[in-house]
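This report looks at charged side chains, nonpolar cores and helix geometry in one chain. Please keep the coordinates at hand while reading.

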Amino acid sequence: MIYVDISAAVHSKAGLGRYSERLAGALLARDPERYALFYNRGGEGRYPDTLPENVYLREVRWGYKPWRMAVLLGHIGRLPFNRLVPDAELFHSTEHLLLPLRGVPTVLTVHDLIFKLFPEYHKRLNYWYLNRAMPLYVERASAIIAVSEATKRDLVKFYHVDPAKVTVVYEAAATHFKPPSPAGIDHVRRTYDLPGRFLLHLSTIEPRKNLMRLLDAFRLLRTSFPDLHLLLAGGRGWLYDDFFARVETEGWRGVVRPLGWVPDADLPAIIGAAALAVQPSLYEGFGLPILEHMACGQVVAASDSSSHPEVGGEAAAYFDPMNVDDMAAVISRLLTDEDEYRRRQMAGREQAARFSWERAARETAAVYQSLLPK
């Protein structure tokens, strides 16, 4: 029995949750008898309704922080948790939390090492935990899956991991991300009271998303596009107070507007209603929103940092995330040059189609097979 940990999906943890939910679904579609699902339900976790319930399930009911500490202490004390996953042939940790097991090969997905690159953007306790735990998890995992070449390079740089131990397996947009109908766009315009022309940023609000510089660029853009708005779709992460204080200071309430968490069913139409998607992040382990935008037929202006060029290929238009003038210039060009916009729109759909969860499941299963007896 191969166990896949879907705890991040059970707790709806943004990108990590999407990854574990969609990978598990694709693996089960390939071979439903081969896989079991494991998760820490905690007090408020919910089993994803997109995953089948007629599969073998194992769960624990610990709070999020106590469970993290228990796993770390299990590694430090070399206490195996095998009884939690009976008959396990292999265990895959899809977030940065490797179950301590004895005599069972393990796979660890590493999404990013942001806590190493931007320690100032992490809460103190989380920063301490990751610095203490990740070296153990990376060392003791039988194999590592990185979601991008950028993350693989960081693993080699910070932990001196043998590159042969790390396999890059890309994520993909879910199948419901596709060009919306005019009726769908009209529906979300009325439902969310969307402005006529707006930039869309899709992601959790946190410092590394570089939203303060996006506001600087937006101020420049408003001189040429006075009717332009900026909408943010995604939950509030951490250290976001300065951002919202800035919006108030600039008098942009209603002009810069957080939509909060948006149901997946509405996202494609909101993406389609936008004038342009903007992803200015300083660092992304993968940068899934780029593919989600492109799959919906939206053009993306993105920072040229970390994994973005891997994901966006030649379809995205890139800017230096530290250079506000460059950011504003690229966005302005895409808002005015219809030929370039249409060219990148077509290229974006082709780029998004190169990624799929079926491919991710196939490549992940190959990593499993490499660790199992022949």
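Which residues is aspartate 154 in contact with, leaving aside its neighbours within four places in sequence? The model is a predicted one, and in it aspartate 154 is in contact with Leu113, Leu117, Tyr159 and Tyr283 once those neighbours are set aside. Aspartate 154 has its place in helix 6, where it is buried yet has no salt bridge, the nearest side chain of opposite charge being that of lysine 157, 5.8 Å away. A salt bridge requires a side-chain nitrogen of Lys or Arg within 4 Å of a carboxyl oxygen of Asp or Glu.

**Salt bridges**

The structure as a whole holds 18 salt bridges, and three of the pairs are set out here with their closest N and O atoms.

| Pair | Closest N and O atoms |
|---|---|
| Glutamate 89 and arginine 34 | 2.8 Å apart |
| Arginine 61 and glutamate 59 | 3.0 Å apart |
| Glutamate 340 and arginine 344 | 2.8 Å apart |

The salt bridge between glutamate 89 and arginine 34 links distant parts of the chain, 55 residues apart: glutamate 89 is in the loop between helix 3 (64-76) and strand 4 (90-93), and arginine 34 is in the loop between helix 2 (14-30) and strand 2 (35-40). Glutamate 89 is partly exposed, at a relative accessible area of 33%, and arginine 34 is likewise partly exposed, at 25%.

In the pair of arginine 61 and glutamate 59, arginine 61 counts as exposed because its relative accessibility is 59%, while glutamate 59, at 31%, counts as partly exposed.

Glutamate 340 and arginine 344 both lie in helix 14 (residues 338-353), with 4 residues, about one turn of the helix, between their positions, and both of these residues are buried. Salt bridges with shared partners also join Arg18, Arg22, Asp264 and Glu292 into one network.

**Nonpolar cores**

In soluble globular proteins, nonpolar side chains tend to be buried together. The largest nonpolar core in this model has 66 residues, and Ile6 and Leu37 are those with the most contacts inside it. Not counting residues up to four places away in sequence, leucine 37 touches Val4, Ile6, Ala24, Leu28, Tyr47, Leu51, Val55, Tyr56, Leu57 and Arg58. There is also a second, separate core of 36 residues, which includes Ala88, Val138, Ala141 and Ile144.

**Helices 2 and 5**

How far apart are the end C-alpha atoms of helix 5? They are 25 Å apart, which agrees with the 24 Å that its 17 residues (124-140) should span at 1.5 Å a residue. Helix 5 nevertheless bends by about 35° at alanine 133, and proline 135 follows within four residues. The buried residues of this helix are Tyr129, Leu130, Ala133, Met134, Leu136, Tyr137 and Val138, and what covers them includes helix 3, strand 5 (106-110), helix 4 (114-117), strand 6 (143-146) and helix 6 (149-159).

For helix 2, the 17 residues should span 24 Å at 1.5 Å a residue, and the end C-alpha atoms, 25 Å apart, agree with that expectation. Its buried residues are Gly17, Tyr19, Ser20, Glu21, Arg22, Leu23, Ala24, Ala26, Leu27 and Leu28, among them Arg22, which belongs to the salt-bridge network described above.

**Further charged and loop residues**

Lysine 116 has its place in helix 4 and counts as partly exposed, at 30% relative accessibility. Leaving aside its neighbours within four places in sequence, lysine 116 is in contact with Asn131, Phe158 and Tyr159. Glutamate 33 is found in the loop between helix 2 and strand 2, and glutamate 33 counts as exposed because its relative accessibility is 71%.

Two residues other than glycine have positive phi values: histidine 160, with phi near 50°, and aspartate 193, whose phi is also near 50°. Histidine 160 lies in the loop between helix 6 and strand 7 (166-168) and is exposed, with a relative accessible area of 68%. Aspartate 193 has its place in the loop between helix 7 (182-191) and strand 8 (198-202), and at 60% relative accessibility aspartate 193 counts as exposed.

Methods:
Residues are numbered from 1 along each chain as its sequence is written. This is a predicted model: local features need pLDDT of at least 70, side-chain atom pairs count only at pLDDT 80 or more; totals for chains, interfaces and linings use all residues. Side-chain values use heavy atoms; hydrogens and water are left out. Helices (H or I, at least four residues) and strands (E, at least two) are DSSP runs, numbered from the N terminus. Buried means under 20% relative accessible area, exposed over 50%, partly exposed in between (1.4 Å probe, protein chains only). A nonpolar core is a set of buried Ala, Val, Leu, Ile, Met, Phe, Trp, Tyr and Cys residues joined through side-chain atoms within 4.5 Å. Contact means heavy atoms within 4.5 Å. The expected span of a helix is 1.5 Å times one less than its number of residues. The bend at a residue is the angle between axes fitted to the seven residues ending there and the seven starting there. Lys and Arg count as positive and Asp and Glu as negative; His and the chain ends are not counted.
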